[in-house]
Number of protein chains: 2
Amino acid sequence: MDSTIKKSDFVQSLEKGLKVISTFDSDNPKMTLTEVAKRVDLTRANARRILLTLQYLGFVQTEDGKQFSLSPKVLSLGYSYLSALPFQELAKPYLKALAEEVNESCSMSVLDANDIVYVARVQTNRIMTISLGVGTRLPVYATSMGRVLLAGLPDEEVQKLLKEMKPQQLTPNTIIDIDQLIKRIQLVRERGWALADQELEIGVRSIACPVKDKNGLTISALNISGHASRVSKDEMLEKFLPHLKSTVVQIENAIHKL
Amino acid sequence: MDSTIKKSDFVQSLEKGLKVISTFDSDNPKMTLTEVAKRVDLTRANARRILLTLQYLGFVQTEDGKQFSLSPKVLSLGYSYLSALPFQELAKPYLKALAEEVNESCSMSVLDANDIVYVARVQTNRIMTISLGVGTRLPVYATSMGRVLLAGLPDEEVQKLLKEMKPQQLTPNTIIDIDQLIKRIQLVRERGWALADQELEIGVRSIACPVKDKNGLTISALNISGHASRVSKDEMLEKFLPHLKSTVVQIENAIHKL
């Protein structure tokens, strides 16, 4: 983020519009003009113009002209990002080869606020072989990819992120203590991989490694997940980790040539 | 969409900013200022201010100050929509009950341009029971839910949408002829359900019904999918369709009370 933008370069109404879109959530799926103005800290006149413009553009809808809600077109904005991801298409064949090698599902994800978001996924042992699940979001604290992505951030950012979120005890194994999570993330930095043992759901183990750009910045995480009854923790480390690491090297080589 | 917005109410820079986000895609994941200006039909000065503002807000990133690309924060916009969907949370328990009744995966989706987007999904016969796949996109022409959602649109819109997209022969069963697709959609309107028989992928059959609002507008589609070797077309119609229909009635009753 560039904090040096000149005031004359800043398009304030664009910021306001994006804030209006982001202010809708599960607690506030429908809002009146007054509610939107209050939540985004706008004048009523400003909120009205933004809502009318978003409605005209198809991003917001209203049945009665009073209660506004987002419309599915908003999804297309997020999809612009997914379809424009330069490394997603490139990584897919490597992901597929890895999934075939280990005969388990493999995924690639990026960080977005408190979630990891799947940008590619190859599933095995399923009725469908096409890659469902792109766009899927999972909590960052309970997943191997989440901890790998957090490990790629500076310490202050990790602390800020973890303090803002409220980890939930999804299984008896979920680590919800912030200090313990920070220790785990430091361990990920030392080792270069993360293992999540039935922390998201009983029965699911996964192991993840970071994918880094030319400058050493973590841009994505890659994982293999398997059923706990089929794959022990030791097997994950002995059998899967070497394959995962060599796939990461191949993907990084391809990305660095971009 | 309201076509009667007054010129004085229209926030043009918001429109421009959203157009800039949407202009990135798989063919143009990284663009220079000049390229963005050209594609969105902006002056260089305008494009510059918008890119700098989006960069400041964290929606756009640049490594060298010349090539710009979208950043994962863009996904959070789409997620605002998903988390704010009033009927998503409400529908989940019904979806879960349906999946248990028929012992097959059930999904709910909405239409976004040429795709259906999963807003809820309950999967069976899988290692994971948590609902993966929300946000997943599948082509509208090859899916039962896609055809149900198209059937809910006026004829001109269906024709326009189908003519803009390029259906691909995903399996030998995929219908790619526009006229034949339109006939199928008319059939969906008459029958109230759509069946896709291995058109997206060999081995997968699915049946879908529309979920309508108080005014009779289709707001979502509900489906049951199963492996072709386990469930015949006749079984889908005889065993699954009645359960699907009664679940739709329950969900509609709950939605109409909102």
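Colleague: Is B:R230 buried, partly exposed or exposed?
Modeller: Happy to start there, bearing in mind that this is a predicted model. Residues between 20% and 50% relative accessible area fall in the middle class. B:R230 has a relative accessible area of 41%, so it counts as partly exposed.

Colleague: And which residue does B:R230 meet in a salt bridge?
Modeller: The pair links distant parts of the chain, 126 residues apart. B:R230 sits in the loop between β9 and α9 (233-256) of chain B, and its partner in the loop between α5 (86-102) and β4 of chain B. That partner is buried, at 5% relative accessibility. With N to O at 2.9 Å, the residue that B:R230 meets is B:E104.

Colleague: Let's turn to chain A: which residue forms a salt bridge with A:R189?
Modeller: A:R189 lies in helix α8 (residues 178-191) of chain A, and its partner lies in helix α7 (residues 155-164) of chain A, 34 residues away. A:R189 is partly exposed, at 33% relative accessible area, and the partner is partly exposed too, at 36%. The closest N and O atoms are 3.2 Å apart, and the partner is A:D155.

Colleague: Where on helix α2 of chain B do the buried residues fall?
Modeller: The buried residues of this helix (residues 33-40) are B:L33, B:V36, B:A37 and B:V40. Seen down the axis of α2(B), they fall within an arc of 100°, so they line one face of the helix. An α-helix has 3.6 residues a turn, so residues three or four places apart point the same way. For α2(B), then, the answer is one face of the helix.

Colleague: Which elements do those buried residues of α2(B) pack against?
Modeller: The helix is followed by B:D41, whose phi is positive, near 60°. As for the packing, the partners belong to chain B: α1 (12-23), β1 (31-32), α3 (44-57) and β3 (67-70).

Colleague: Now the interface: how many salt bridges does the rule find across chain B and chain A?
Modeller: The two chains bury about 6600 Å² between them, 67% of it on carbon and sulfur atoms. One of the bridges joins A:D9 and B:R48, with the closest N and O atoms 3.0 Å apart. Across the interface the rule finds two.

Colleague: Which element gives the largest share of the side of chain B that touches chain A?
Modeller: The contact takes 74 residues from chain B and 73 from chain A, and twelve residue pairs are in polar contact. By class, the chain B side has 37 nonpolar, 22 polar and 15 charged residues. The largest share, twelve residues, comes from α4(B).

How values were computed
Residues numbered from 1 in each chain as written. Chains lettered and ligands numbered in written order. Predicted model: local features only at pLDDT ≥ 70, side-chain atom pairs only at ≥ 80, totals over all residues. Heavy atoms only, no water. Buried < 20%, exposed > 50% of the residue type's maximum accessible area, 1.4 Å probe, protein only. Helix = DSSP H or I, 4+ residues; strand = E, 2+ residues; numbered from the N terminus. Arc of directions from axis to C-beta. Contact = heavy atoms within 4.5 Å. Buried area = accessible area lost by both parts, 1.4 Å probe. Salt bridge = Lys/Arg side-chain N within 4 Å of Asp/Glu carboxyl O. Polar contact = N/O pair within 3.5 Å; in protein donor to acceptor, adjacent residues only side chain to side chain. Nonpolar A, V, L, I, M, F, W, Y, C, P; charged D, E, K, R; others polar.
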